[in-house]
Amino acid sequence: MIPTRYGYGYAGLLLLMLLGAINYDNSLGHLLCFLLASLGHVAMHHSHRNLRDLDISITAIEPTFCLQHARFMLNVINQDDRDSFHISIAHQHKQDLPRWQFIKAFNPLHTIEHISANNNHSCSITIPALTRGWQPINKLRLSSNYPLGIFFSWTVYSQQAQVLVYPQAKGTRSLPMHQGLGKQAQYRPKTGDEEFAGLRRYRKGEPLHRIAWKAMARDDVMRSKHFASPEGDELWLSWQDVSDIIDLESKLSQLCQWLLQAETGGYLYGLDIPGTRIEPDSGKTHQHHCLKSLALYHD
Amino acid sequence: MTKPDFSPDHHHINSLIVALLLGAIPHFIYQPFWVGLMFVVMISWRLLHSYRGWPLPAASRWLKVLHNGGAALTIVLIFTQFGLTIGRDSGAALLTIMLAFKVVEIRSLRDYYVSCFLGFFLVITNFFYSESLMMVVLMFAVIILLTSCLVSVNSSHDVQGIKQRLRLALKMVFQAMPVMLFLFLLFPRIPGPIWGLPKDANSAVTTTMTEQITLGEIPSGTGTSGISDSIQMGKISQLILSDETAFRVQFENDTIPPSSQLYWRGPVLWHTDGTVWSPLAPKHVNKQSPQITHSGSQFSYSMTLEPHNKRWLFALDFPTQKPTSFPSYLSSDGRLNSQSKIKNRSQYALSSSTDYRFNAEGDNNLWAALQLPKDKHPQTLALAEKWQQETNNKRDYIDRVLRFFNTQNFVYSLTPPQLSGDIVDMFLFDSREGFCEHYAASFTVLMRAADIPARIVTGYQGGDLNPVDNVLTVRQRDAHAWTEVWLKDQGWIRIDPTSAVSSQRVEQGISGLLPNERNSPRILSQSDALTQLWQHMENNWDAFNNSWDIWVVGYGPQIQKQVLSKLGMNNPDWKKMTIWLASLLLLSGLVMVLASLYRRRDSDPAVALYQTFCRKMAKFGLTKHDYEGPHDFALRAQYALPDYQLQIHQITTLYSHIRYRHEQPLLLEELAQKVKAFRPQK
């Protein structure tokens, strides 16, 4: 806990008052000065108590792309029998700052005005995703100026939780139609002229438009329609396609962008990068699978 | 940190305005009317903005000019009213008005804090004018309001409404009391001033005795404080109009001399030019100390003197020695002087005996006690000549003069007619109406005319004894002047010619001569019972104020030592005070922390019961570890205490059901019974 700049102002005021009271031999001036000093002391205790029994937990961490924002739910739990007020949540975005500049290292994100006693409060928090791969959430700080604004108290929570950061989706090239492991990948716009191949049980992540709603109405089992694509419809996104890009991150970025395009384009796509080979498929789960292997790729 | 774009809304501003208005009320009384007017105008501007949407100075250039112009005008007004030096009055006026100007232009959080802090300062300026109990009540009210203002900008209005904020502020101020009292008692008091005080620092002194008596002129009512000694006129009669306290006396063992002996000695006047009486130059009276022989019983007492901005002190005629704990000295004419001007309420202890002989062996200044202005008072001198021939010795002569006052139609009057010409002659032969200073002066002239050394002593006579606390309060209206004559082998003898005219004045004090309305409100003066009740209430209130003045307002280095010695500190000095203070603060901090921890523990009755259970287990060396859940602990306990397996199991299950399945009401009672019945023995 440290005094805020208003806290220093308050201290200066008290000093001035004390000098005035001494100079004028004013006993009640002393009394006022001591009352305010004691009030400051009480404020310190209140400020401490406001944060003392708070705890946090993190849930629902969503992966994100590099240089975008990672979103997760922060649950602040008040274990005290008293309400807590005006809690600011801040995230440590810089780690290399010297110790005394710790306030600058934190970036305020959100303010919870009130958490009642023995209760909790959830809020959605976004933090910047800066590096590809598993990014630790770092430190989160709960802080407050409550009640008088003359003391700033805080608690820093170190979190084990990590957020998965995909590479930045960036690149100028179009999808590699006629390349990929020597096989022809033919672009077929999704006009419905693929051959219907039957129903499979719906897997999480498959596009909604493939759900066989009619079939579902029959027996309440969610199925998705599958279309038999000719061999040529399989799109392989491979390391060789980006072999002429020198920078590793740019390579991954280009692959990432292709993955996104392929998914929206309705292709069956596979990924082939050193150490990982994912057979062609489509759907959110498949996409995540591919993006994750890009995110975690290292030489 | 608070959001930088935060700006106080009208909820915040309005509560601030209420607080500041309350804090400024005393200044409406003590300051010139335009100070209050400016304050109200500015505050109204802000309120009109809040409620009617009137523009603020920031809205247009012209309003800004108006606002700044108003501030400039204030400074000019202050300079014209108070002069160019920043003193107490001008400082307070400036603060009051500037605060209102600041409120109008509050836009950011910073402005808001500055206004709140200036509000705290406003409260301390009130104490420079009055240190009464009411002011302290006002202080607490303003501090609570300002605290709630600070809370308001640090929490959301939707969550904490006015009621909650005020409750929190009240609670915080209440919690601040113990430490405030410790600090008040133990913070080592430093005798001020540290630097120079402005001249008007003690202008609370409005009436006081002067060093001169001028006869014949009716007070015009302009003379206020003791700023200048040279233009005083008929001061004592003006003092009689004032009920202000001059000093208070607490006699030890409650032995109080009779009222007729209560002569409180002050400045002694020697020199006269026929109308003005003034003291002897210090070089004549400071050379030696008076020769006093005391006999009879002594009275010990402590004096609490109100500030009068003069050097002299008052003492019961005549002190056995100068005060030990107060830097002072006795002049050879029996005047007790302080080393420095009395600018604060001061306390000193004395003992006096009313039976004494004063410079019986002789006095170096007798020449001055015989001085009369040339070619004045011809009628008086002729009368003295006549009586001198009629009487055999000085004693007879004195009695003759007193008989003259007593038998002729002299009247004691607080409102004598205005005299002109030769004042003493006019008084003795014409008007014959006057009060103590007329009698003292003309008596002294009559003495000197007969070659009897005589001088006027001014001071106070009598005082009101409060039966509640036995404190004698001497007020300005008790001001008095009497005469001392020097007789061979007897020294200076006090003769009070006023008592020859009006014995009531001396025996019953001045209040007997004042109309009833002066002692109680006019409405009550009709009924004796009501007057008595009023007197009773007034006595209690006076007694309270008396202790308040001495123990709270007067709590300075001197009283602090007294109080701390009584509390058991040997020879209090700042080191000991600091140690005491530090330990007490540490203790109170500890109490605060423990209180918050303790409350937390027993908040949930089930937890409290379970803890009782744990304490019982602890007697067998079974303590629940923090990492251990109730069931793990139960398993370990059951293993250690196989005879009580069932009970341990039941208690643990009940506890976990209540805690984690919220099956509260019924099970809680059961748990309570089980825990109570659980008495493991080895």
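**Exercise 1. A strand and its partners**

Starting from B:Thr458, whose bridge partner in S19(B) is B:Ala481, work out which strands pair with S19(B), and in which sense.

Solution. The model is a predicted one, and the steps below are read from its coordinates. Step one is to place the bridge: strand S16 of chain B, residues 454–461, pairs with S19(B) in the antiparallel sense over seven bridges, and B:Thr458 opposite B:Ala481 is a bridge pair with its second member in S19(B). Step two is to look for another partner, and here S20(B) also pairs with S19(B) in the antiparallel sense, over five bridges. Within that pairing, B:Leu487 has B:Gly491 of S20(B) as its bridge partner. Step three concerns the hairpin that S19(B) and S20(B) form, where three residues lie between the strands and B:Asp489 takes a positive phi near 65°. Finally, the strand itself, residues 479–487 of chain B, is mostly covered, with eight of its nine residues buried.

**Exercise 2. One residue in its surroundings**

Is B:Ile495 buried or exposed, and why?

Solution. First locate the residue: B:Ile495 belongs to strand S20 of chain B, which covers residues 491–495. Next count its neighbours, using the rule that a residue is buried if 20 or more other C-beta atoms lie within 10 Å of its own. B:Ile495 has 21 C-beta neighbours inside 10 Å and therefore counts as buried. Then ask which residues it touches; leaving out those up to four places away in sequence, they are B:Ile398, B:Thr483 and B:Val485. As a last step, B:Leu381 may be taken as a reference point, since B:Ile495 lies 114 residues from B:Leu381 in sequence and 20 Å from it in space, C-alpha to C-alpha.

**Exercise 3. An annotated segment and a helix**

Describe residues 428–499 of chain B, listed by UniProt under "domain: Transglutaminase-like" in an unreviewed entry, and then describe helix H13 of chain B, residues 436–449.

Solution. Begin with the composition: over residues 428–499 of chain B the chain is 29% helix and 44% strand, and the end C-alpha atoms are 16 Å apart. Turn then to H13(B), whose 14 residues reach 20 Å from the first C-alpha to the last, close to the 20 Å expected at 1.5 Å a residue. For burial, the count is 14 of 14 residues, so that H13(B) is described as mostly covered. Just after H13(B), B:Asp451 takes a positive phi of about 65°.

**Exercise 4. The faces of a short strand**

Assign the residues of strand S13 of chain B, 355–358, to its covered and uncovered faces.

Solution. The principle comes first: in a regular strand the side chains alternate between the two faces of the sheet. Applied here, B:Tyr356 and B:Phe358 make up the covered face of S13(B), whereas B:Asp355 and B:Arg357 make up the uncovered one. To complete the picture, strand S6 of chain B, residues 292–295, pairs with S13(B) in the antiparallel sense over four bridges, and B:Ser295 stands opposite B:Asp355.

**Exercise 5. A helix and the contact between chains**

Which elements do the buried residues of H6(B) pack against, and how many residues does each chain bring to the contact between chains A and B?

Solution. Start with the helix: H6(B), residues 133–152, has 20 residues and spans 29 Å from its first C-alpha to its last, close to the 28 Å expected at 1.5 Å a residue. Its buried residues include B:Met139, B:Val142, B:Ile143 and B:Leu146. The buried residues of H6(B) pack against H2 of chain A, together with helix H1 (10–30), helix H5 (109–127) and helix H7 (162–186) of chain B.

Now widen the view to the contact, which takes 42 residues from chain A and 53 residues from chain B. On the side of chain A that touches chain B, helix H1 (5–23), helix H2 (27–52), strand S5 (84–92) and strand S6 (106–115) of chain A each supply at least two residues. H2(A) gives the most to this side, with 18 residues. By residue type, the side of chain A that touches chain B divides into 22 nonpolar, 15 polar and five charged.

Note on methods. Residues numbered from 1 in each chain as written. Chains lettered and ligands numbered in written order. Predicted model: local features only at pLDDT ≥ 70, side-chain atom pairs only at ≥ 80, totals over all residues. Buried ≥ 20, exposed ≤ 12 C-beta atoms within 10 Å, placed from the backbone. Contact = placed C-beta atoms within 7 Å. Nonpolar A, V, L, I, M, F, W, Y, C, P; charged D, E, K, R; others polar. Pairing = 2+ DSSP bridges. UniProt positions renumbered as here; feature names shortened; annotations may be inferred. Expected span 1.5 Å × (residues − 1).
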